[in-house]
Amino acid sequence: MSATPEIIDLEEKHYGSGQSGSRIPVDVKQRILYAIANIEYGSVEVVIHDGKITQIECREKIRMGRSEAGQRK
């Protein structure tokens, strides 16, 4: 999986084109994109401490269809 142009553009907007500094590591970008791509309903939260990404939280919602919600055993 490669970083999308939108993420690269966002990074350049934040850090400036060609500017060296703290950049988001490729593996962290891939983990964030993987989390987003593999969730149908819910949210992905990126936790940052001291300017560094420390945690990626995924909260997935499971939607019950009408037939499933009304069934009881």
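User: What does cysteine 58 count as: buried, partly exposed or exposed?
Analyst: Partly exposed, because its relative accessibility is 47%. Buried means under 20% relative accessible area, exposed is over 50%, and partly exposed is in between (1.4 Å probe, protein chains only).

User: Where does cysteine 58 sit?
Analyst: Cysteine 58 is in strand 2. Helices (H or I, at least four residues) and strands (E, at least two) are DSSP runs, numbered from the N terminus. Asparagine 38 is 20 residues from cysteine 58 in sequence, and their C-alpha atoms are 9.8 Å apart in space.

User: Anything I should know about the model itself?
Analyst: This is a predicted model, in which local features need pLDDT of at least 70 and side-chain atom pairs count only at pLDDT 80 or more, while totals for chains, interfaces and linings use all residues. Residues are numbered from 1 along each chain as its sequence is written, and side-chain values use heavy atoms, with hydrogens and water left out.

User: So which parts have the lowest and highest confidence?
Analyst: Helix 1 (residues 5-15) is lowest, with a mean pLDDT of 59, and strand 1 (residues 42-49) is highest at 96. That score is the predictor's confidence in each residue, from 0 to 100. Across the protein chain the average is 79, with 62% of the residues scoring at least 70. Where pLDDT is low, the predicted coordinates should not be read in detail.

User: New topic: how many salt bridges are there?
Analyst: The structure holds 2. A salt bridge here is a side-chain nitrogen of Lys or Arg within 4 Å of a carboxyl oxygen of Asp or Glu. One joins arginine 59 and glutamate 45, at 3.0 Å from N to O. Since arginine 59 lies in strand 2 (residues 52-60) and glutamate 45 in strand 1, the pair ties together parts that are 14 residues apart in sequence.

User: And what does glutamate 57 pair with?
Analyst: Glutamate 57 forms a salt bridge with arginine 59, and their closest N and O atoms are 2.8 Å apart. That puts Glu45, Glu57 and Arg59 in a network of salt bridges.

User: Are those three buried or exposed, or in between?
Analyst: In between. Arginine 59 is partly exposed at 39%, glutamate 45 is partly exposed at 32%, and glutamate 57 is partly exposed at 23%.

User: Switching to helix 2, which residues are buried there?
Analyst: Val28, Lys29, Ile32, Leu33 and Ala35. These residues cover an arc of only 160 degrees around the axis, so they sit on the same side of helix 2. The arc is taken from the directions from the helix axis to the C-beta atoms. On the other side of helix 2, Val26, Arg31, Tyr34 and Ala37 are exposed.

User: What about the loop between strand 1 and strand 2, which residue is found there?
Analyst: Aspartate 50 is found in that loop. Aspartate 50 is exposed, with a relative accessible area of 79%. Its phi is near 55 degrees, a positive value in a residue other than glycine.

User: Last one: where is valine 46 found?
Analyst: Valine 46 is in strand 1, and it counts as partly exposed because its relative accessibility is 31%.
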